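Please look over the protein shown here before reading on. A short tour of its backbone and of one chosen residue comes after it.

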Amino acid sequence: MKGLVVVLALLLAAALGSARGELELRRLRDQAPPGSRPHSVTITEFGAVGDGKTLNTVPFQNAVFYVRSFADKGGAQLYVPKGRWLTGSFNLTSHLTLYLEKDAVIVGSKESSQWPIVEPLPSYGQGLDLPGPRHRSLINGYNLTDVVITGNIGVIDGQGSVWWQWLRSHKLNHSRPHLVEFLHSEEIVISNLTFLNSPAWSIHPVYCSNVKVHNVTIETSLDAPRTDGIVPDSCSNLCIEDSTVSVSHDAISLKSGWDKYGISFGRPTSDIHINRVNLLSSSGAALSFGSEMSGGISDIHVNHLRIRDSYKGISFKTSPGRGGYIKQVAISDVRMEDVHVGIEFTGNCSSHPDHSFDPSQLPVINQITLKNLVGTNISVAGVLSGIDGAPFTAICLSNLNFSMAADSASWSCSKVAGYSEMVFPEPCTELRDPSSSSSICFSLSRYSAIAIA
């Protein structure tokens with residue numbers, strides 16, 4: 001990248017202290033590839049030290065403040081070279097590329113004071129773990145446009161184990177932070193990076209549009225408490241591609257707010273595309289919808305999903321009091337291996353942000369299509385349980401073949417209705433209503449046309 005080339009040349013010129021260095025600078029600048037930001041700075045110019053011990057929160061904050069001056073000049077790149085760059089929470093700015101070189105690691109501080117306290121999200125009413133405020137994420141963006149977080153497979157490590165221990169021992173004063181969070185932002189790209197050991201969720205775009213996450217690897221300890229991978233939350237026009245997520249809880253989880261807070265905020269998650277991802281969830285679901293879905297979730301297209309060694313494969317979760325809806329979801333071409341529950345629909349996720357939820361606010365689950373699924377060593381094919389007075393409808397299964405583990409169950413269904421064809425093991429009668437036809441199902445045709453294009 002142009003910024004990287006210029007930074008390296010500057011360092012070389014300083015080291016040589018000669019005309020030779022000046023010539024090398026000009027030569028490398030002339031060879032810099034097109035398309036990068038027109039301006040570039042390196043984090044070391046602001047006093048950062050990549051020894052894994054020196055705290056660099058202020059250098060990161062000062063660097064971002066400086067590059068704001070280039071916002072109307074095409075933006076700037078903040079280059080992070082090889083090293084371990086210990087830092088607390090910091091904010092980004094618009095028209096910025098944060099670039100992590102190979103063997104560059106941004107390391108989150110283990111001191112909770114380095115993660116400031118902020119108000120809970122308005123669509124949730126409280127933090128993830130506790131009532132009241134929450135810790136701010138390691139890398140943040142608020143009301144931003146045109147931000148790229150990328151690199152040469154650099155690493156962002158949240159050192160989450162200390163937070164997990166505080167949660168287990170009930171020593172948290174406020175809810176855990178995430179690794180990367182964008183609020184009210186657009187034109188966001190996150191790519192070519194590895195995210196390790198988030199205190200809670202790894203990538204959390206919320207109230208955002210035009211977001212792309214591709215070629216990322218996300219890992220946490222498989223016994224960490226409630227660590228999700230990528231969580232699109234009240235977002236639109238978002239794409240996740242060519243990535244691998246291995247976490248303890250939900251690997252990819254689509255959300256849109258919690259009970260009355262999500263209903264009143266009223267921002268759905270819609271127009272989401274997920275392609276060619278590999279997922280592992282040791283205690284949650286590889287791909288989940290909800291349970292916080294009160295703003296609505298719709299127009300979701302998932303293709304080429306690989307799930308292994310997971311407790312649940314695909315899960316739709318909600319509860320009385322949620323309101324909202326999950327509808328118009330098409331999931332195709334899924335391969336599962338060593339999964340306990342292949343498919344789950346549940347209306348009994350009973351967690352609520354407070355006691356003032358209205359149980360008469362019933363969610364709508366409708367037009368969910370799962371097509372071309374293959375599974376090996378599946379313990380339970382599916383558990384589908386709707387809600388009294390609000391059954392889940394138009395649940396459609398087509399061309400599904402699960403090879404079951406020894407002494408396994410197949411299907412369990414209640415308060416659901418739908419259609420199935422070419423499904424093994426044979427599904428429950430609620431999905432084999434002879435009066436139903438494929439016309440009730442949400443089609444994959446629109447997604448196929450987009451994929452081909």
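This report goes from the whole protein to one lysine and then to some unusual backbone spots.

**The whole protein**

The model is predicted. The protein has 453 residues, and 56% of them are buried. Its secondary structure comes to six helices and 24 strands. Now take the contacts between residues with a separation of 6 or more. Of these, 76% join residues 24 or more positions apart. The accessible surface comes to about 17,700 Å². Carbon and sulfur atoms hold 51% of that surface.

**A close look at K312**

K312 sits in strand β20, which spans residues 297-317. Is K312 buried or exposed? Its relative accessibility is 19%. Buried means under 20%, so K312 counts as buried.

Which residues does K312 touch, leaving aside those up to four places away in sequence? The list is G284, A285, A286, V339, V341 and E344. E344 deserves a second look. The side chain of K312 makes a polar contact with the side chain of E344, at 3.0 Å.

**Unusual backbone spots**

Most peptide bonds are trans, and most residues other than glycine have a negative phi. Some places in this model depart from that pattern.

Start with the peptide bonds. The bond from G290 to S291 is cis, with omega near 0°. S291 lies in the loop between β19 (285-289) and β20. That β20 is the strand that holds K312. Another cis peptide bond joins F424 and P425, and here omega is about -5°. Where is P425 found? P425 is in the loop between β24 (416-424) and α6 (445-452).

Next come the phi angles. D242 is not a glycine, yet its phi is positive, at about 50°. R276 also has a positive phi without being a glycine, with a value near 55°. The table sets out where each one lies and how accessible it is.

| Residue | Phi | Strand | Relative accessibility |
|---|---|---|---|
| D242 | about 50° | β16 (residues 236-247) | 35% |
| R276 | near 55° | β18 (residues 269-281) | 38% |

How do these accessibilities translate into classes? Partly exposed covers the range between under 20% and over 50%. D242, at 35%, therefore counts as partly exposed. R276, at 38%, counts as partly exposed too.

**To recap**

K312 is buried and has a polar contact with E344. The peptide bonds from G290 to S291 and from F424 to P425 are cis. D242 and R276 have positive phi values.

Key. Residues are numbered from 1 along each chain as its sequence is written. This is a predicted model: local features need pLDDT of at least 70, side-chain atom pairs count only at pLDDT 80 or more; totals for chains, interfaces and linings use all residues. Side-chain values use heavy atoms; hydrogens and water are left out. Helices (H or I, at least four residues) and strands (E, at least two) are DSSP runs, numbered from the N terminus. Buried means under 20% relative accessible area, exposed over 50%, partly exposed in between (1.4 Å probe, protein chains only). A polar contact is a pair of N or O atoms within 3.5 Å; within protein, one must be able to donate a hydrogen and the other to accept it, and residues adjacent in sequence count only if both atoms are side-chain atoms. Contact means heavy atoms within 4.5 Å. Accessible areas come from the Shrake-Rupley method with a 1.4 Å probe; for residues, only the protein chains shown count as cover.
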